[in-house]
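Visitor: I would like to go through this model with you and ask, term by term, on what grounds each label is given.

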Amino acid sequence: MASNQPFELRWGIISTGKISRCFVRDLQVNPKSRNVHDVRHKVIAVGSRNLATAEEFANVYDRSIKAYGSYADVYADKDADAVYIGTPHTYHYENALDAIKAKKHVLCEKPVTLNAAELRSLLDAAKKQGVFFMEALWTRFQPLTLEVKKIAESGVLGEPVALQADLSSDCRLHELPKTHRLLDPYLGGGALLDLGPYPLVWAILALYEHPSNKNSRPSQVTGAMLKTRLTGVDRSTSFIVTFDAAPSSASNTLATQAVLSCNIHAADYQTGVVIRYERGVIVVTAPIYCPKSFTVQYYAEGKPGVVVKEETRRFEYVGTGMHFEADEVARCVRDGKAESELWGHDKSLLQMEIFDEVRKQGGYEFPPGVEKMV
Ligand SMILES: NC(=O)C1=CN([C@@H]2O[C@H](COP(=O)(O)OP(=O)(O)OC[C@H]3O[C@@H](n4cnc5c(N)ncnc54)[C@H](OP(=O)(O)O)[C@@H]3O)[C@@H](O)[C@H]2O)C=CC1
Ligand SMILES: O=C1OC[C@@H](O)[C@H](O)[C@H]1O
């Protein structure tokens, strides 16, 4: 007989830094507050390089969380169904691989790995072990994003013709130690890997996923990087992703470009995301990783640029918004899926391939030994 109880996913948390804390706070938000009744979450363990830090974490969030002084203890915990990885970029590969080898389902922070080769290796391992694997690209799962996608694919605006997205933040680089993860090349520092996933997720959602693209890869990726003199990592990166399969494909009608940028040395100018269509525009308000509103402008029949109707949609919920990706993991695990249909392996891989190309053109090489697979 089917149970009416929500499916409970039991989480082990890897590391006690800023984003792990944010994620756990979201896991503790009552799912009913976001109208979710089919799944729920329980944090059962946390692992840190330092036992005292793990104990402090458990004391803050829930005294029943088992505190471990190593990550390995979390992977070995039989009560954990899934593991969340919140370590700096350069550790994602080895942490995820260890979790997968222990047959845990994995949600790994963005950027999922340092390069496409590392990701391919993880995907092979996840397949072999029969576990679910997903990059924690939380923006993709938010209700606003799902609504934008619905409108974009309804056909009412026609085909996408151009997209612009920027994510910038004045990270006060001169005040940071050179060993900070944003600055240190040994931790995969720089704007592209830290902020780049967000402009790109909108391009993947609106262009790559658009039905008229028929899942075709971009025809061209062009990138430029400006490095900080502090440590040589990219302080500002701009990249253009072009989709144009024609004339080789009769079925793919998409011909468009995404102009994307990210910067860790400039305050956000609130540009957000602008997606231009044949018959209107969608403007997603900043911050683009967690927007709370978007506006659709509709053009007059046969008069591009002449706005006849404008609608703004606002979204509110309890928490930061990371619980939506956690709900997706829980549903996929419950249903025995290997990957999410919303942010599947192909999209993370496309992202890492684009980043590899942009780093190549921008001349950003990690120090020897940092990439575990090349
Ligand atoms: N989804 C989102 O919105 C965000 C995602 N992120 C992503 O999360 C990851 C972590 O970022 P964030 O939480 O800001 O980073 P923090 O520096 O705040 O935390 C990282 C944690 O990783 C552990 N760690 C393991 N090895 C190292 C090391 N050599 N140096 C430093 N820390 C180490 C530490 O935990 P311990 O000591 O307990 O082992 C540390 O607290 C990044 O990959 C980033 O891209 C970051 C911010 C927002
Ligand atoms: O993922 C992120 O989103 C928000 C930013 O402030 C942070 O640096 C980044 O890691």
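**Labels and their grounds**

Guide: A polar side-chain atom of His89 and an oxygen atom of ligand 1 are 2.8 Å apart, and the model in which this is found is a predicted one.

Visitor: What makes the pair formed by His89 and ligand 1 a polar contact?

Guide: A polar contact is a pair of N or O atoms within 3.5 Å, and the pair of His89 and ligand 1 lies at 2.8 Å, so it counts as one. The side chain of Glu109 places an N or O atom 3.1 Å from a nitrogen atom of ligand 1, and the side chain of Arg181 places one 3.1 Å from an oxygen atom of ligand 1. Of the 890 Å² of accessible area that ligand 1 has on its own, the protein covers 82%.

Visitor: Which residues surround ligand 1 most closely, and how is the shell made up by class?

Guide: The shell holds 22 residues, the closest being Thr16, Ser48, Tyr71, His89 and Lys110. By class, eight are nonpolar, eight polar and six charged. Among the helices, α1 (18-27) and α4 (89-101) each supply at least two residues of this shell, and α4 gives the most, with three.

Visitor: Which residues are around ligand 2, and how do you know that Tyr198 makes a polar contact there?

Guide: The residues around ligand 2 are Lys110, Arg181, Asp194, Tyr198 and Tyr289. A polar side-chain atom of Tyr198 is 2.7 Å from an oxygen atom of ligand 2, and because the limit for such a pair is 3.5 Å, the contact counts. An N or O atom in the side chain of Asp194 is 2.8 Å from an oxygen atom of ligand 2, and for Arg181 the corresponding distance to an oxygen atom of this ligand is 3.3 Å. The protein covers 74% of the 270 Å² of accessible area that ligand 2 has on its own. By class, its shell has two nonpolar, no polar and three charged residues.

Visitor: Why is Asn50 called partly exposed?

Guide: Partly exposed is the range between under 20%, which is buried, and over 50%, which is exposed; Asn50 has a relative accessibility of 40% and therefore counts as partly exposed. Asn50 sits in the loop between β2 (39-47) and α2 (51-61), where a polar atom of its side chain lies 2.9 Å from the backbone nitrogen of Ala52. The C-alpha atoms of Asn50 and Gly69 are 4.9 Å from each other, although the two residues are 19 apart along the chain.

Visitor: Why is Arg172 called exposed, and what is its phi?

Guide: Exposed means over 50%, and Arg172, at 52% relative accessibility, therefore counts as exposed. Its phi is positive, about 50°, although Arg172 is not a glycine. Lys103, in the loop between α4 and β5, is another residue other than glycine with a positive phi, near 65°.

Visitor: Why are such phi values, and cis peptide bonds, worth pointing out?

Guide: Most residues other than glycine have a negative phi, and most peptide bonds are trans.

Visitor: Where are cis peptide bonds found here?

Guide: One joins Lys110 and Pro111, with omega about -15°, and Pro111 belongs to the loop between β5 (105-109) and α5 (116-129). Another joins Ala286 and Pro287, with omega about 0°, and Pro287 lies in the loop between β12 (280-284) and β13 (293-300).

Conventions
Residues numbered from 1 in each chain as written. Chains lettered and ligands numbered in written order. Predicted model: local features only at pLDDT ≥ 70, side-chain atom pairs only at ≥ 80, totals over all residues. Heavy atoms only, no water. Near = heavy atom within 4 Å. Polar contact = N/O pair within 3.5 Å; in protein donor to acceptor, adjacent residues only side chain to side chain. Areas by Shrake-Rupley, 256 points an atom, 1.4 Å probe, with all protein chains shown as cover. Helix = DSSP H or I, 4+ residues; strand = E, 2+ residues; numbered from the N terminus. Nonpolar A, V, L, I, M, F, W, Y, C, P; charged D, E, K, R; others polar. Buried < 20%, exposed > 50% of the residue type's maximum accessible area, 1.4 Å probe, protein only.
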